[in-house]
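Me: Could you take me through one part of this protein in detail, please? I would like a close look at the sheet and how its strands sit together.

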Amino acid sequence: MAGLELLFNCVANSITCSQDALICFVHWEIVKSGYKCLGIGDEPKDGEKSSELLPPGWSESKELYALRYRSNDDKSNLLLKAFTVDSTLIFNLMDSTTEKVTDLTVNVSEYVDEANLQTFESVFKNTDELITKLKSSLLPPKKEEGQGKTEKKPKSQRVSNLRDPHSDPLLIPSRGPPSRQPPNWPDPLAPFAAGGADLDPFGGRGSGGMIVDPLRAGFPRSGFDPSSGIPGVLPPGAVPPGARFDPFGPVGRHRPGPDPDHMPPPGYDDMFM
């Protein structure tokens, strides 16, 4: 409280009652919160300068004290008024920027020893309790230096954030190489594997399913590509590339047509006439 002691000694000649001493204490707490005093009264006057000291004439009226303050960053102004009612002081503090008003009623005799008004070491009492009341009910939050400035991240941290795909939810991850692992076919010799395809015709359980697709069976096959067409059956482009295709006849080198090795001998049909 070294700053309060210097302030008290500077204005000691103006302190003539307990209310003056309490105003001096509250003024210093406002200064500690990041403000400086501009002057007395409700309206600004020409030639005013912000200062941590109390302005001239601050204690002329013992029934109504009015002091104006401005924040160190010049972003907000405060108007402090204190009314004397019997043995109490009723404080009103208005922030002109937000138009927020706070108030606090203080019993002067609980925090000021009227018998020692000119002795700083003994004039104030229960100061911790008074400071707690002022901070919780009257004073604005303390303005720290550099408050409102964005913290600049180091360049290395910014680069690492750009490389981290989780730092940007809109970043589309790059596609990795396709998996070349063979399909996980169940063991055909397993005792309970038989009939599994009947329970799952589409192969959702990992089995091949019972819907036949010879082009995707997973076994070696010829280089037949249905998208190139089947001569005499399908023109090129009739089957889209990669589409499922169930051949409706033999494909590959054995084209559709009669097999002379399996044709009935002449007169075979007459035997049953």
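Reply: Happy to! A definition helps to begin with: two strands count as paired if DSSP finds at least two bridges between them. Please keep in mind that this is a predicted model.

With that in hand, look at strand S2 (residues 64-71) and strand S3 (residues 77-85), which run antiparallel and are joined by seven bridges. Within this pair, Tyr69 stands opposite Leu78 in S3.

Now step back to the whole sheet. This is an open sheet of five strands, paired in antiparallel fashion in the order S1-S2-S3-S4-S5. Strand S1 (35-40) and strand S5 (100-107) stand at the edges with a single partner strand each, so one side of each has no neighbour in the sheet. On average, neighbouring strands are turned by 25° against each other, direction ignored.

Where does the sheet fall along the chain? Starting from the N terminus, the elements run α-α-β-β-β-β-β-α-α-α-α, and in total the chain has six helices and five strands.

For the surroundings, it is worth a look at the largest nonpolar core, which has 42 residues; Phe91 and Phe124 touch the most other members. Helix H2 (residues 18-32) gives the most to this core, with nine residues. Setting aside neighbours within four places in sequence, Phe124 is in contact with Leu4, Phe8, Ala21, Phe25, Tyr111 and Val112. In soluble globular proteins, nonpolar side chains tend to be buried together. Over the chain of 273 residues, 28% count as buried.

Note on methods: Residues numbered from 1 in each chain as written. Predicted model: local features only at pLDDT ≥ 70, side-chain atom pairs only at ≥ 80, totals over all residues. Heavy atoms only, no water. Core = buried A, V, L, I, M, F, W, Y, C linked by side-chain atoms within 4.5 Å. Buried < 20%, exposed > 50% of the residue type's maximum accessible area, 1.4 Å probe, protein only. Helix = DSSP H or I, 4+ residues; strand = E, 2+ residues; numbered from the N terminus. Contact = heavy atoms within 4.5 Å. Axes fitted to C-alpha atoms, helices over the stretch in contact; angles between N-to-C directions.
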